[in-house]
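Take a look at the chain below. We will walk through it step by step.

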Amino acid sequence: MALPKSTEPPLSPTHCYAQIPCQHEEGCVVLPFYRHPTTPFCRRRWPMITIAFLLLLSALVYVFWPSDPMVKVVRLRLDKIHIHTLPIINIDLSLYVTLRVRNVDVYSMDFRSLDVAVKYKGKRLGHARSDHGHVRALGSSYVDAEIDLRGISVLSDVVSLLEDLARGTVPFDTVTEVSGKLGLLFFGFPLKAKLSCEVLVNTLNQTIVRQTCYPER
């Protein structure tokens, strides 16, 4: 049995919305609510933008944060060794030290002083000081110093040093202190670093066999 067809006219889209009263009926236009299709994508995009910004900020802090310079003994040569037997046994010797100062920052570095001290068996033998120097950003500079060690007269030190010289290798400890500033345009950051190195020198060919360095605070 067929159902009777409805005689009512189909609803138009305008029947789905309530009419808004208007002062001038002929000038009123009622528009349906429309949701922009990209709204969910925009909501998902904000967390990605925030994460990218934080990563960029972290990278900038890492790059521009001031770091201590890297100092390495590239050459330590023994020269002018004199052994005295009177009135007591003692040794005079000269050390020629070449240091490489590497600036790992994006700022230029100006150091007011660079002091390197040499120790043997834990006892300080002498030190040398270099005044004023400049190292460009991400660059390196070499500093030469001569240390004259006079009258090493402690018997245990003399015997140990003579044994090491006869063996052909001498272990030294160096302590390097650098003070100055890091600068970029009109900005400057104070710089003070201290580095200790254990250096094993081959006295036959005047080369460094092994070197271990670590910063001191």
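How does Asp131 count at 47% relative accessibility: buried, partly exposed or exposed? Asp131 counts as partly exposed, because 47% falls between the cut-offs of 20% and 50%. Keep in mind that this is a predicted model.

Asp131 has a charged partner. Its side chain meets that of Arg129 in a salt bridge, with 3.3 Å from N to O. Arg129 has a relative accessibility of 54% and therefore counts as exposed. Side chains of opposite charge can pair when their charged atoms come close.

The count of salt bridges comes to two. The other joins the side chains of Arg167 and Asp164, at 2.5 Å from N to O. Both residues belong to helix α2. They sit three residues apart, about one turn of the helix. Their surroundings contrast. Arg167 is exposed, at 55% relative accessibility, whereas Asp164 is buried, at 6%.

Now step back to the whole chain. It has two helices and eight strands. Along the sequence they follow the pattern α-β-β-β-β-β-α-β-β-β. The chain has 217 residues, and 29% of them count as buried. Its accessible surface comes to about 15,600 Å². Carbon and sulfur atoms account for 61% of that surface. What about contacts along the sequence? Take those between residues at least 6 apart: 63% of them join residues at least 24 apart.

Next, follow the strands. Strand β1 covers residues 70-84 and pairs with β2 in the antiparallel sense, over 12 bridges. The two strands form a hairpin, with five residues between them. For a landmark, find Met70, which stands opposite Arg102 in β2. Strand β2 itself runs over residues 90-102. Of its 13 residues, 10 are buried, so the strand is largely enclosed by the rest of the structure.

That brings us to the interior. In soluble globular proteins, nonpolar side chains tend to be buried together. Here the largest nonpolar core has 36 residues. Leu76, Leu95, Leu161 and Phe172 touch the most other members. Many elements contribute to this core: β1, β2, β3, β4 (123-135), β5 (140-152), α2 (155-167), β6 and β7 (187-202) each supply at least two residues.

Which residues does Phe172 contact, leaving aside its neighbours within four places in sequence? The list includes Leu76, Leu78 and Leu95. It also includes Val118, Lys119, Tyr120 and Leu125. Cys197, Glu198, Val199 and Val201 complete the set. Lys119 and Glu198 therefore stand among the contacts of Phe172, because contact here means heavy atoms within 4.5 Å.

One of these contacts deserves a closer look. The structure holds one aromatic pair. Its members are Tyr120 and Phe172, whose ring centres lie 6.0 Å apart. Their planes meet at 55°, so the pair is tilted. The pair links distant parts of the chain. Tyr120 lies in strand β3 (residues 108-120), and Phe172 in strand β6 (residues 169-184). In sequence, 52 residues separate them. Both Tyr120 and Phe172 are buried.

To retrace the path, start at Asp131 and its salt bridge with Arg129. Go on to helix α2, where Arg167 and Asp164 both lie. Then finish at Phe172, one of the residues that touch the most other members of the largest nonpolar core.

Definitions and conventions. Residues are numbered from 1 along each chain as its sequence is written. This is a predicted model: local features need pLDDT of at least 70, side-chain atom pairs count only at pLDDT 80 or more; totals for chains, interfaces and linings use all residues. Side-chain values use heavy atoms; hydrogens and water are left out. Helices (H or I, at least four residues) and strands (E, at least two) are DSSP runs, numbered from the N terminus. Buried means under 20% relative accessible area, exposed over 50%, partly exposed in between (1.4 Å probe, protein chains only). Accessible areas come from the Shrake-Rupley method with a 1.4 Å probe; for residues, only the protein chains shown count as cover. Two strands pair if DSSP finds at least two bridges between them. Rings of Phe, Tyr and Trp (its six-membered ring) pair if their centres lie within 6.5 Å; planes under 30 degrees apart count as stacked, over 60 as edge-to-face and the rest as tilted. A nonpolar core is a set of buried Ala, Val, Leu, Ile, Met, Phe, Trp, Tyr and Cys residues joined through side-chain atoms within 4.5 Å. A salt bridge is a side-chain nitrogen of Lys or Arg within 4 Å of a carboxyl oxygen of Asp or Glu.
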